[in-house]
Amino acid sequence: MLVVMAAVVAIPTIYTTLFLGSMWDPYGSVEHLPVAVVNEDEPVEYRGETLAIGSELADNLREDGSLDFHFVDSQAAQQGLADGTYYMVITIPKDFSASAATVTDASPRQMQLAYETNPGTNYIASKLGESAMAKIEAQVRQEVTRTYAETMLEQLADIGDGLQEGADGAAKLEEGAEDLAQGGQTIRDNLKLLADSTLTFRSGSTQLTEGLAQYTAGVDAAAQGAAKLKDGADQLAQGAGQLGQAAPALTEGAGKLSQGVQDLASGVDSAKSGGDTLAAGAAQVDDKLTELNGGLAQLQTQTAGLPDSAAALDAGAQQALAGATELQSGLQTASAGANTARDGAVQLNDGLQALAGKSAALNDGAAALVQSITALATQGGTIPPETLSQLQQSAAALQAGIGEYTAGVDTSAAGAAALVDPAMGLPTLADGLGQMAGRSAELTGGLTTLQQGTATLAQQAPLLAQGIDQAAQGGQKLQQEGTSVVRQGAQDLSGGLAQLAGGSAALQTGLGDLSAKLPALTDGLTRLQTGAGDLQQGAGQLASGTGELQKNSAALNSGAAALADGAAQIGDGASKLYEGSGELTDGLGQLREGSATLGASLSDGAQQIAETNTGDEVAEMIAAPVSAGETQLTDVPNNGHAMAPYMMSVALWVGCIAFSLMYPLTEYQGEMKSGAAWWLSKASVLYPVAILQAVVMVGALHALDGFSPARMGQALLIACLAAVTFMSVMYFFTSLLGCIGSFLMLVFMVVQLAGSVGTYPLEISGSFVKYLYDWVPFTYTVKAFRSAICAGQDVTGCAVYLAVWAAVFTLLTLVVFTARAKRIRAGKPTLTPWLERHRLA
């Protein structure tokens, strides 16, 4: 019996020390868990560097030592996983690094890290591998994040430098915009001056047109007078011829002299009438020349400021060209104003082209005038040679001035055409302002062409003004000298004719003296014939010259009208160009303000980036922004201490069942005195054995497995209380039902194993567990042991619960023994003999 008792006492110790020893610290030895690693990754180039994430991961696993990593090929890994050599296979695919390199692409790919387990070999090992795999995945994720963060921080620094360069460029753009705005304002001022000048030029051209119309009307009147003069001269020549023919007969017959004198008087009257007509025509020519000289004087006054305006325009173009050379980026803000300016330049070009087309007619009229005066000088006549020479010089100067004027118009038209040329000029400016980059060279070319045109205009404007001055001077000389000579000749002719009339009268009265004075009369008739021929020739030349003037009047009026029309178009184009320059100036102001805002914003952005920390510690922070810190309310050293409460409860229960089966709890010797004495004789053995089981079990665990609870005394007390409680329950059922009671206690142990949640928490256990949890003793022994091991909460409640169970079943056992003793003393049968006969006791 002593050997049996020793064996019974050792059962809980053997159960706990061996079972718990086999799983005492498995999580502390996972570095011995064999895992196969298959690295199939292929390095790739990423931003000029070799990216080999697979090799880096393999090296980290070699140095890590968290598991027993074996680096093998795919075939060996699969074979080892199947036969249990490896509990997990980690496969790094060949596109592992390639996927990592897509982190900054538009469609990045996830890095796939495959692992394979074989739970059929060992389920716990596969779960341990999955836990380790989660750590490896986090490590890879951190490494990739660090690489990406370093790349992004480097790019952020580059962006900061780029922003600073952009801010510097914006400052230069602002300076260029300021210069361009000043140049634009200068252009606007000069365009205003040009617009005002074109108004003056337009008014002068209108006056010139009106004066030329009056002049051509006077020429028509002079032509009519010249025709009449020619008729009179013809008649005078005819009469003189008749006198000449009659002179030889005069000596033959004085009788015919009276008739001849009458014919002479009639011819003199006709000549006198023609002379009066010639004097009237000369007066009309003088009046028209006065009007022409007035128009030329007004034109001279209006064009006096043209050289200065052209010079100011040329200076403005040079300033605009200087401002345009500094513009290196686009001017999109001012495109609306440039488009308006382009429309005005197109209209200006149209006006100049039309004016240039009409200049030929003006040149033809001037050439015809020169030819007429030349023809008049060639034919000779009563006009003095020096007067004709001055008239020729004035006409030639007028023609030269008109030629220079038309040349200036052509040059201006060429400049305006270059200004509206789509390849350069204002259209290029509009396009350049819209694109904001790369087109400033074309704008500079267009402005260069414009400056050349304005320079040519500035050079030709003085010549035009000089030609107009010479034309005015020639007109004045023509009026002062030429017309006076014509008028004086007409007066002399009228006076001579008057004297001739008086002479004819005297002739009539002096017929008596005819005979004596006949030789002198014959000589006078000869001279009369000569003068009449000269008068007839001069009258013909005058008629021919006025006819030429008449012939060219239409061309001269047409040219003047074209000049007025062109001046109107120039005025309209200059006005629109001035309006467009206003919009251009406003756009340039907005560009200057926008450049200042852009520069300030870029500078602020660069400063903020410069103040941003982009060091390695920032990359580390981005890669691992969270550091989890665990604080354990209680401390459980290892898996053995975690499983000890569960296994100690089971071991003590098994020990009590073994004692109940091995020790005769219902036998007695001698006389049956009382049920209490009978119970006490058995209790005095079984309770000490139960306590001894608990003490030996705790001591052996401490000595053999290293069991070291935080409260050793409390753990020992709970073990003893649990053993006494379990033994009380066993004592009752075994004494009452024999082997059936022991069997029921074995079944109840299984129920307690399920309901006490000794391994997994209640929340993740089976649904039926919650109905058992509060009613089985194992629940309270496991709670109490855990509190004692980790210095947790108070165990008083659990101890009271166990004590209540022990007291209840002890009282029940006393009742059974007392009732059975009474029946034995009374000689009545009990349940025990029946159980023994059926081999159940």
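Where does helix α1 bend, and which proline follows within four residues? Let's walk through this predicted model and find out.

## Helix α1

The bend sits at A10, where α1 turns by about 35°. The proline that follows within four residues is P12. As a whole, α1 covers residues 2-22, a run of 21 residues. From its first C-alpha to its last, α1 reaches 30 Å, close to the 30 Å expected at 1.5 Å a residue.

Several side chains of α1 are tucked away from solvent: M5, V8, V9, P12, T13, T16, T17 and L20 are buried. P12 therefore appears twice in this story, as the proline after the bend and as a buried residue under the 20% cut-off. In an α-helix there are 3.6 residues a turn, so residues three or four places apart point the same way. Among the elements that cover the buried residues of α1 are α14 (639-662) and α15 (675-705).

## A serine in α4

Now for helix α4, which spans residues 96-100 and contains S99. Is S99 buried or exposed? S99 counts as buried, because its relative accessibility is 4%, under the 20% cut-off. Leaving aside residues up to four places away in sequence, S99 touches R109, Q110 and M111.

## Cysteines

If you are wondering about disulfides, a search of the whole structure finds zero. Two cysteines are worth a look on your screen. C656 is buried, with a relative accessible area of 0%, whereas C739 is partly exposed at 32%.

Key:
Residues are numbered from 1 along each chain as its sequence is written. This is a predicted model: local features need pLDDT of at least 70, side-chain atom pairs count only at pLDDT 80 or more; totals for chains, interfaces and linings use all residues. Side-chain values use heavy atoms; hydrogens and water are left out. A disulfide is a pair of cysteine sulfur atoms within 2.5 Å. Buried means under 20% relative accessible area, exposed over 50%, partly exposed in between (1.4 Å probe, protein chains only). Helices (H or I, at least four residues) and strands (E, at least two) are DSSP runs, numbered from the N terminus. The expected span of a helix is 1.5 Å times one less than its number of residues. The bend at a residue is the angle between axes fitted to the seven residues ending there and the seven starting there. Contact means heavy atoms within 4.5 Å.
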